[in-house]
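Open the model in your viewer and keep the selection box at hand. This tour goes stop by stop.

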Amino acid sequence: MYKAVIVEDDSISAEALTDLLKLGDIDIEIIETYSSVQDAVQGLTKSNPDLVFLDMELQDGKGFDVLQALGDISFEVIITTSHETYMLEAIKRSALDYLLKPIQHQDLAEAFTRFEA
């Protein structure tokens, strides 16, 4: 089973993503949810996930601020956002996928298949 972290400041969006993951045949466990850049940076240095679902607009900064603060990362990143404007930057930072909210089950399943490959 893979370990995943959700970085999302909207509790409804975090819960919806968790529910979508439970609905599918996705072999993943959400081990933590962080709602700010600061919490995500501190938590990700300790939690050692395989995959991070990263929202772009957090209360105290951008999702990319998390990646920048961490430097070298050992996990894959799937961007989850309501904004298309971060897509080019996500590609430059080698994000595994870019899912627009509301996230569709099929899009999530395809992203997870890419992760497993």
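Four stops follow, each in a loop.

This is a predicted model: local features need pLDDT of at least 70, side-chain atom pairs count only at pLDDT 80 or more, and totals for chains, interfaces and linings use all residues. Residues are numbered from 1 along each chain as its sequence is written, and side-chain values use heavy atoms, with hydrogens and water left out.

**Ser36.** Select Ser36, in the loop between strand S2 (28-34) and helix H2 (37-47). Helices (H or I, at least four residues) and strands (E, at least two) are DSSP runs, numbered from the N terminus. Ser36 is buried, at 10% relative accessibility. Buried means under 20% relative accessible area, exposed over 50%, and partly exposed in between (1.4 Å probe, protein chains only). Now show Leu58 and Asp60: Ser36 is in contact with both, leaving aside its neighbours within four places in sequence. Contact means heavy atoms within 4.5 Å.

**Asn48.** Move on to the loop between H2 and strand S3 (51-54), where Asn48 sits. Its phi is near 50°, a positive value in a residue other than glycine. Asn48 is partly exposed, with 47% relative accessibility.

**Ser94.** Next, pick Ser94, in the loop between helix H4 (87-92) and strand S7 (97-100). Ser94 is not a glycine, yet its phi is positive, about 60°. Is Ser94 buried or exposed? Ser94 is exposed, with a relative accessible area of 57%.

**Pro102.** Finish in the loop between S7 and helix H5 (105-116), at Pro102. Look at the peptide bond from Lys101 to Pro102: this bond is cis, with omega near -5°.
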